[in-house]
Amino acid sequence: MILMKDIIREGHPTLRKRSEEVALPLSAEDKALAESLLEYVKNSQDDELAEKYDLRAGVGIAAPQVNQAKRIFALYFDPSTEENMSLIAINPKIVSHSVEKSYLTTGEGCLSVDRAVPGYVPRYARITVKAYNLQGEEFKMRLKGLPAIAFQHELDHLNGIMFFDHINAENPFAEIENATPIERGSGE
Ligand code: 4LI
Ligand code: NI
């Protein structure tokens, strides 16, 4: 199981690399890695397990964050939330996106970043994505809201990009043209 000590932090070179495509069908090792990423985000949102194992809560985590430069990530939104989604994405791609953008009014956090980096992170408001699942089958889906933001945040990790790379350096809270703000409390 993945613990905080297994998650590499900003400054580690793996976070700045482009991760490698994953061979399909998935090897047993890659399948176990993908499952452990999903397990981490699930456990991190369970109050008891998060406290027991000292896990920081996240909705997404990417393989390079555990020092595996492979194109795999997991997203998890609890069934009690309106998002309600559990996803493993292998070799993910954005096939199309809206012109409209969106951003979290609270800014973004990252399990590999131990400081608060204030500022708006512009993202596409709606994306159509393609990826492979654990069984090696291709799937396609449309995302909006927080899942779309999280998907773009995790896809960036596979390309060596950190969320703060997108923040306006002169004015972190400069208005973003053609964007819908997303308000969301932590831990709801
Ligand atoms: C507890 C239980 C306030 C501050 C609000 C917490 C269950 C920030 C938000 C959670 C912020 C859950 C999150 C992300 C932000 C902030 C990620 C809490 C886990 C909110 C997820 C990838 C950016 C995703 C909304 C600097 C580790 N997640 N909050 N950003 N939540 N969480 N991101 N922003 N301000 N990061 O961080 O998983 S996209 Cl679900
Ligand atoms: Ni991150």
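The UniProt record, an unreviewed entry, places the feature "binding site" at Cys-110, His-153 and His-157. These three span 48 residues in sequence, yet no two of their C-alpha atoms are more than 10.2 Å apart, so they gather at one spot. What we have here is a predicted model, and in it the nickel ion, ligand 2, is coordinated by Cys-110 through SG and by His-153 and His-157, each through NE2. The coordination distances are 2.1 to 2.3 Å. Written as a sequence pattern, the donor spacing is C-x42-H-x3-H.

Let me take the donors in turn. Cys-110 sits in the loop between β4 and β5. With a relative accessibility of 3%, Cys-110 counts as buried. Setting aside neighbours within four places in sequence, Cys-110 is in contact with both histidine donors, His-153 and His-157, and also with Arg-56, Gln-65 and Phe-163.

The histidines come from helix α3, residues 145–158, and because they are four residues apart there, about one helical turn separates them. As a reminder, an α-helix has 3.6 residues a turn, so residues three or four places apart point the same way. Both His-153 and His-157 are buried; for His-153 the relative accessible area is 8%. Beyond four places in sequence, His-153 touches Glu-108, Gly-109, Cys-110, Arg-123 and Phe-163. With one of these, Glu-108, there is a side-chain to side-chain polar contact at 2.8 Å.

Next, Glu-154. The same kind of record, again an unreviewed UniProt entry, lists Glu-154 under "active site". Glu-154 also lies in helix α3, and is buried at 4% relative accessible area. Its contacts, again leaving out neighbours within four places, are Gly-60, Ile-61, Ala-62, Gln-65, Phe-73 and Leu-75.

Now the open sheet. Three strands run in the order β5-β4-β8, with mixed pairing. Strands β5, 123–124, and β8, 179–182, are the edges, each pairing on one side only. Strand β4, residues 101–104, pairs with β8 in the parallel sense over four bridges. Within that pairing, Ser-102 has Thr-180 of β8 as its bridge partner.

Last, helix α1, residues 28–44. Its 17 residues should span 24 Å at 1.5 Å a residue, and the end C-alpha atoms are 24 Å apart, which agrees. Buried residues in α1 include Leu-33, Leu-37, Leu-38, Tyr-40 and Val-41. What do the buried residues of α1 pack against? They pack against α2 (47–53), β1 (60–62), β2 (72–77) and β3 (85–97).

Notes
Residues numbered from 1 in each chain as written. Chains lettered and ligands numbered in written order. Predicted model: local features only at pLDDT ≥ 70, side-chain atom pairs only at ≥ 80, totals over all residues. Heavy atoms only, no water. Donors = N, O, S within 2.8 Å, 3.2 Å for Na, K, Ca; no water. Helix = DSSP H or I, 4+ residues; strand = E, 2+ residues; numbered from the N terminus. Buried < 20%, exposed > 50% of the residue type's maximum accessible area, 1.4 Å probe, protein only. Pairing = 2+ DSSP bridges. UniProt positions renumbered as here; feature names shortened; annotations may be inferred. Contact = heavy atoms within 4.5 Å. Expected span 1.5 Å × (residues − 1). Polar contact = N/O pair within 3.5 Å; in protein donor to acceptor, adjacent residues only side chain to side chain.
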